[in-house]
Amino acid sequence: MSKNLFITGTGTDVGKTYVTGLIVKKLQESGKSAAYYKAAMSGNERRADGTLIPGDALHVKTMSGIKQSLEEMCKYVYEAAVSPHLAAKLEGNPIEMERLLKSFDHVCQKYDYVTAEGSGGIVCPLRFDEQKIQLEDFIKACNLSCLIVADAGLGTINAVVLTIEYMKNRQIPIKGIIFNHYEPGNQLHEDNRLMCEAMTGLNVVACVKDGDTELDIPLELLERLYQNAP
Ligand SMILES: Nc1ncnc2c1ncn2[C@@H]1O[C@H](COP(=O)(O)OP(=O)(O)O)[C@@H](O)[C@H]1O
Ligand SMILES: [Mg+2]
């Protein structure tokens, strides 16, 4: 059974997939059996045969070099670049929690380190019809702990503190923060790092610069962020 980590962020486009790619790459290169999982992926292109390409999964697979199949990485793939609950209304194929958990469990049985990426930020409806499923329902059902990806620049104190307050309020365990688009020597970025740590009591465990191809974090620290599945 795997050790798992859930990657959320302060919003869409903050760099969850990019950072996850670096994390999975580090595990893979150190000889670990590493896998990627995303419960619902929207905003995807189609192959010539009409099937959807799970874009985030492809990015992580390419960056990390893992051999896991794209199909195994994501159960629900939508074309429209909208929240999964709306994509399912537009395209059909609403999320069934049981199928989702089964597909995640399959990945957990097969690999040692499973890194799961969230859709959007921490508040993300996966299904909102007669059934209501939020992203955090998946996190809780799988007993996952989270790492939060945040932009290093202007506005991040607000985004990080709000995200963490929400998560603490809902008893969602948090392992730390990763800053993305970080510029060493940038006074704002360095102050944001100190302020986010001081205001949340959590550590910024790594900082990722633009174009980084390696994650600057000791392997032992990265491994410690992962937790056994129940
Ligand atoms: N550190 C980085 N260096 C270069 N490009 C980045 C970096 N972080 C994010 N990007 C790019 O920014 C865009 C959004 O990042 P992405 O990881 O897809 O965000 P999210 O998964 O949070 O929606 C992508 O095109 C990605 O390649
Ligand atoms: Mg992504």
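This note goes through a predicted model, taking one serine, a group of aromatic rings and a metal site in turn.

1. Ser103 is a convenient place to begin, and this residue lies in helix H5, which covers residues 97-110. Ser103 has a relative accessible area of 13%, and because buried means under 20%, this serine counts as buried. A polar atom of the Ser103 side chain lies 2.9 Å from the backbone oxygen of Leu100. When neighbours within four places in sequence are left aside, Ser103 is in contact with Tyr37 and Lys75.

2. The aromatic rings deserve a point of their own, since the count of aromatic pairs comes to 6. One of them is formed by Tyr37 and Phe104, whose ring centres are 5.0 Å apart and whose planes stand at 65° to each other, an arrangement described as edge-to-face. This pair links distant parts of the chain, with Tyr37 in strand E2 (residues 34-41) and Phe104 in helix H5, 67 residues apart. Tyr37 is buried, with a relative accessible area of 0%, and Phe104 is buried as well, with a value of 4%.

3. Phe104 also takes part in an edge-to-face pair with Phe138, where the distance is 5.4 Å centre to centre and the angle between the planes is 75°. Because Phe104 lies in helix H5 and Phe138 in helix H6 (residues 135-141), this pair ties together parts that are 34 residues apart in sequence. Both Phe104 and Phe138 are buried. Seen together, Phe6, Tyr37, Phe104 and Phe138 are linked by ring pairs into a cluster.

4. A ring may also have a charge placed over it, and here the charged end of Lys132 sits over the ring of Phe128, at 4.7 Å from the centre of that ring.

5. Which protein atoms are donors of the magnesium ion (ligand 2)? They are OG1 of Thr17, OD of Asp56 and OE of Glu117, and these donors lie 2.0 to 2.4 Å from the ion. Along the chain, the donors of this magnesium ion follow the spacing T-x38-D-x60-E. Asp56 in helix H2 (residues 55-64) and Glu117 in strand E4 (residues 113-117) are 61 residues apart, so that this pair, too, links distant parts of the chain. Glu117 has a relative accessibility of 3% and therefore counts as buried.

How values were computed:
Residues numbered from 1 in each chain as written. Chains lettered and ligands numbered in written order. Predicted model: local features only at pLDDT ≥ 70, side-chain atom pairs only at ≥ 80, totals over all residues. Heavy atoms only, no water. Helix = DSSP H or I, 4+ residues; strand = E, 2+ residues; numbered from the N terminus. Buried < 20%, exposed > 50% of the residue type's maximum accessible area, 1.4 Å probe, protein only. Polar contact = N/O pair within 3.5 Å; in protein donor to acceptor, adjacent residues only side chain to side chain. Contact = heavy atoms within 4.5 Å. Phe/Tyr/Trp six-rings, centres within 6.5 Å; stacked < 30°, edge-to-face > 60°. Lys NZ or Arg CZ within 6 Å of the ring centre and 35° of its normal. Donors = N, O, S within 2.8 Å, 3.2 Å for Na, K, Ca; no water.
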